[in-house]
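Biologist: Please give me a close look at the empty space within this protein, with the residues that line it. A word on one helix contact would also be welcome at the end.

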Amino acid sequence: MPLFKRIARRHGWSTIGLLLALILLTGCMRQPAVTARAYSVGNQLAPLAQQVFRCSVSGAPRSLDPSLSTDEPSYEVLINLFEGLTTLNARAVVVPGVASSWTVSKNGLRYVFHLRHDARWSNGAPVTAQDFVYAWRRVVDPATAAQYAESLNMIVNAPAIVGGKLPPSALGVHAEGPWTLVVDLREPAPYLLDALTNNYFDPLYPPTIQKWGYAWTTPPHLISDGPFYLANEVINGRLTLLKNPWYWDARAVHLREEVIYPIHNTAAALDRYLAGDIDYAASPTAFPASDLAMLRKELGAQVVIAPYFGTAYLGMLVHQPPFDNRDLRLALSMAVERHVLDDKLGRGLWIPAYSLMPPLAGYTQQVPAWAHWPRAQRIAEARRLYAAAGYGPGHELRVRLLYPIEGSAERHMMEALNLMWKQNLGADIGLWSEQWKVMLQDIQYKNAKLYWSAWIGNYLDPNTFMRQFQTGYAMNYGDFDNPAYEQPLVQAQHSAAGPARMALFEQAERALGERMPYIPLYFYTADSLVKPWVRGWYPNLMDLHPARYIAILRHTEH
């Protein structure tokens, strides 16, 4: 019996649990010395010169073009640069944005938005209804190649335009004068006002795009209509945003400056926070999970753990060998020891996931029966399915798993999955890492058969998760296509809000779980570090914290 198995048996540990402990010990995990600094924080705002908010995001934004960005770091920057018809308040609740009011027809198919007359671009030009028409047509135009183009499919003629069958001018949106925007829908969209807070619905300033082309997103060319404008950007480095004096609600914006640091490594983010370089270390790279207990002891309320509307999973190309075999996909999913991953790697910060949808009020998660089986029964069934798929001793599954090179958390996760599949099935899964931006391109171009992925809800509705696996959707990277899933999903997308609509989404997710075109790993929590002098920051399910509401309080260090 190998030494590690003897140790595991002696201490009552699982073999995999011991191997994960060894991974952590050999993975340069460190316990930094933390001495909590003493501060005095007042109730009054700091002087204007000190109204600078320094924060992190989990990586360099892939694009600051609202029509093209798809990653979370980009969105966290864009939400401060641009404002759509609706926006989010400090608690991520939808509130009026550029539109001060709107009306909805009785059948829910026509929305009329009334724009603020004092909405301005950062160069002082007025924001008009035609700026929204221009932006939305640009998103659905095939020439733009926007990956979120299908997110406008609820609008009349959008699918035909995206498919190249109609010109962008046929989109069901038009301006009635400078301050009125009319939107006609193909189907009811109960989530529309929430969806409108996303960057692909933001207005755009046509002159700057027409003049500068792809370079329009670099300062000083980038013209935005939000509470801040982009003053400076260092490639793969910090972004400096300054208060937009032309913003319609500029008087309510306290910050004069926001400095955003892309930090993809949890240890680096924690070091920057402890050194006082940043006021807010953002999830999911705020700190290593192994440091949680120590940080709670030393920093107290500065450590914020909150629910988050996101799911981590592995994607697969399901129409190419070897993952065109449903038994193999299910075997791999059943062989994952999710509770061990959370206990040894997540340290309680991950919620083991057996389905796609994270917890959401009004929706019943569709957890498969095998998730409740005893481990021995689950692993025995996984091995049976693995053998039924044609694999076993002498014919092991050999494939590479792609994951982002940044940070240690993903690497430890991939190493753990490799060990689990090796021990539970005998599979030989190689590991392959790339920089985040390169990885996204390889996934998009179908260069990876098995890859790490995650989805953060764009709005609080099942549709934002379910459409990832919808036929023809640009971000359905695994090319999943199944009528048992498609039929209830499409029906739900054409239904008005209510329990019947949720039941259709639940039916679709059950079908998804039966075909298993992905391997769910865990639901996220939002794990952040926030200095006590930051006012206007509130935990919320979307983990979005617009700088428009942030202020710095007077404080001194002892």
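Modeller: A cavity is a set of grid points where a 1.4 Å probe fits but cannot get out. The model examined here is a predicted one, and it holds 5 cavities of 30 Å³ or more.

The largest cavity has a volume of about 160 Å³. Its lining consists of 16 residues, and those nearest the centre are Glu76, Asn80, Glu258, Tyr280 and His545. Three elements each supply at least two residues of this lining, namely strand β2 (52-57), helix α3 (72-81) and strand β11 (257-262). Of these, β2 gives the largest share, with 4 residues. By class, the lining of the largest cavity comprises 10 nonpolar, 3 polar and 3 charged residues.

The second largest cavity encloses about 70 Å³ of space. Its lining includes Tyr75, Leu78, Ile79, Phe82, Glu83 and Gly84. Thr86, Thr87, Leu88, Thr197, Asn199 and Asp202 also belong to the lining of the second largest cavity. Two or more of the lining residues come from each of α3 and β3 (86-88). Helix α3 thus contributes to the lining of the largest cavity and also to that of the second largest. In the lining of the second largest cavity, 5 residues are nonpolar, 5 are polar and 2 are charged.

Open space deserves a place beside the enclosed kind. The second largest pocket contains about 550 Å³ of space. It is lined by 24 residues, with Arg62, Ser63, Leu64, Tyr214 and Thr217 closest to the centre. The lining of this pocket divides into 13 nonpolar, 6 polar and 5 charged residues.

As for the helix contact, α10 (residues 326-334) and α12 (residues 375-388) have axes that come within 8 Å and cross at roughly 155°. Angles over 145 degrees count as roughly antiparallel, and α10 is therefore roughly antiparallel to α12. The crossing of α10 past α12 is left-handed. On the α10 side, the contact is made by Asp327, Leu328, Leu330, Ala331 and Met334. On the α12 side, Arg378, Ile379, Glu381, Ala382, Leu385, Tyr386 and Ala388 take part. Sorted by class, the residues of this contact are 9 nonpolar and 3 charged, with no polar ones.

How values were computed: Residues are numbered from 1 along each chain as its sequence is written. This is a predicted model: local features need pLDDT of at least 70, side-chain atom pairs count only at pLDDT 80 or more; totals for chains, interfaces and linings use all residues. Side-chain values use heavy atoms; hydrogens and water are left out. Axes are lines fitted to C-alpha atoms, for helices over the stretch in contact, and angles run from 0 to 180 degrees between N-to-C directions. Angles under 35 degrees count as roughly parallel, over 145 as roughly antiparallel, 65 to 115 as roughly perpendicular and the rest as oblique. A crossing is left-handed if the near helix is turned anticlockwise from the far one by less than a right angle, and right-handed if clockwise. Contact means heavy atoms within 4.5 Å. Ala, Val, Leu, Ile, Met, Phe, Trp, Tyr, Cys and Pro count as nonpolar, Asp, Glu, Lys and Arg as charged, and the others, Gly among them, as polar. On a 1 Å grid over the protein atoms alone, a cavity is a set of points where a 1.4 Å probe fits but cannot get out, and a pocket is an open set with protein on both sides within 12 Å along at least five of seven lines; lining residues have an atom within 4 Å of a point. Grid points are joined across faces, edges and corners, and a volume is the space filled by probe spheres set on the points.
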